[in-house]
Structures are given as structure tokens and as C-alpha cells.
Amino acid sequence: MKVWVCEHVVQLVLEVKERLAKDCTSLPLGKYGRDDEDMILWFLKDRRFSVDEAIGKLTKAIKWRHEFKVDELSEDSIKAATDTGKAYVHGFLDVKGRPVVIVAPAKHIPGLLDPIEDEKLCVFLLEKALSKLPAGQHKILGIFDLRGFGSQNADLKFLTFLFDVFYYYYPSRLDEVLFVDAPFIFQPIWQFTKPLVKQYASLVKFCSAETVRKEYFTEETLPSNFRS
């Protein structure tokens, strides 16, 4: 049975690859291109092995990567956004072996930078986190440290962009999202945003900084901003 399943999956990957080669010749080749079998397989899994749905989503993702110039992003190209300290990839994995992206929304001031700079920072950090995936792990942890968050930090447009990026271009890569010590003012913002983020809302967990310390990291791997 397992052999049949594996052979069937291989055939589906080849079918997608052949259809992309025939119908989407303008799409680039190579890593994250229309002939990248690992990427094809990931999108097939995300679409529950529906070839048509996988092709539709893959085509959009590959075009977006090319137009957004994801492969050209670098530390230098996002320096202005990085210097704000509002988001970074943690240097250690969590206790489940997941790379961790930490966001400090209190340091985000909408309009301070061109929105595209924030988008580039977001994508660069996702790429960096995914490059740190250990063998056998396929998903990452996102932590939003909401301590100090105020109405001046609210940015629904960017939050929607963030979840769109995960849904359309990095499907099934987000394992869990922690909203840490969310203040009262954040609640109506989340209730408004929740329907927009689709099924990713189910990945969100509201928790305290103490929970982060006790359940997600060891003393050695705890992020500095969560140390008592």
C-alpha cells in the first residue's frame, strides 16, 4: 500500500511539472521554479493532492517570488527595517525544534517606512527562518510580543499582507502563532482581522510571557527580551 501511495505521489508531481512546462513556459526554472519538485510536492500536500488547485497556487507563488525578487533580498537591502528592531529570527530553535520569528509590534510605526520595506523584511525573515529548518521539521513558530502595543502601532494592512504571504506563498509553513500579553486594545483589532486570515486563525494562541519562558524554550535558548 505504501509503495502504491509513493508511486502515486510521484506521478502527481510529474503531472504538475509537465503541465507547468506546457502551459506556463514564462515561469522561471530552477530552485523555487516550475520544475522544482520539492516545491511542487509541498504545494500538492497543501492542496490535498489536487493537481488543478496545486497548479493554480504554484503558478501564483512562483510569479510572486519572481516579481518580488525574493532571491535578491539581503541584510543590506532590509537594513532600514531591521534597524527598528521590530522583528528578527531567533538564534535558537524552540523546544519542538522549530525556527522562531519574533515580532515586537510596539516598535512598528505605520508610515515611518515605505510599506514595501516592511514587506521585504517580512519575506526575508521567513526565508531565513525556513533556511534553519532541521531535518524532519517543516514549520516555524511565530511570536508576537504585544507588550507595550498601542493604537499607534496598529497596521491592519500589514497584518493582512503577512497572513496572505503565509496562505498563498508559504502554505503550511506556519505551525503556531503566539500573541504574548496582548493588551485590551488589541482584542477588537484581532476580532476584525480574524476572518481575514482564514484558517490561520486556528494557529493563534494567546498566552503570557511566563508561558513562553516555561513551555517554549530552555534557559539557554530563551530570547533575551523574555528573560525575567
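User: Before we start, what does "meet" mean for residues in two helices?

Analyst: Contact means heavy atoms within 4.5 Å. Keep in mind that this is a predicted model. By that rule, Lys57, Lys60, Ala61 and Trp64 of helix 3 meet Tyr167, Tyr168 and Tyr169 of helix 6.

User: What makes up that contact: how many nonpolar, polar and charged residues?

Analyst: Five are nonpolar, two are charged and none is polar. Tyr counts as nonpolar here, and Lys as charged.

User: Why are helix 3 and helix 6 called oblique to each other?

Analyst: Look at the angle. The axes of helix 3 (residues 51-68) and helix 6 (residues 156-169) cross at roughly 125 degrees and come within 9 Å. Roughly perpendicular runs from 65 to 115, and roughly antiparallel needs over 145. The angle fits neither, so the pair is oblique.

User: OK, on to the domains. What makes Arg65 and Glu127 a salt bridge?

Analyst: Their side chains come to 2.9 Å, N to O, and the cut-off is within 4 Å, so the pair qualifies. Across the interface of domain 1 (1-68) and domain 2 (78-226), the rule finds one salt bridge.

User: How do you know how much area domain 1 and domain 2 bury between them?

Analyst: Buried area is what two parts lose on being put together, summed over both. Here that's about 1,200 Å², with 65% of it on carbon and sulfur atoms. On the domain 1 side, Trp42, Trp64 and Phe68 lose the most, together 52% of what that side buries.

Notes. Residues are numbered from 1 along each chain as its sequence is written. This is a predicted model: local features need pLDDT of at least 70, side-chain atom pairs count only at pLDDT 80 or more; totals for chains, interfaces and linings use all residues. Side-chain values use heavy atoms; hydrogens and water are left out. Axes are lines fitted to C-alpha atoms, for helices over the stretch in contact, and angles run from 0 to 180 degrees between N-to-C directions. Helices (H or I, at least four residues) and strands (E, at least two) are DSSP runs, numbered from the N terminus. Domain bounds come from an automatic or database domain assignment. Buried area is the accessible area (1.4 Å probe) that two parts lose on being put together, summed over both.
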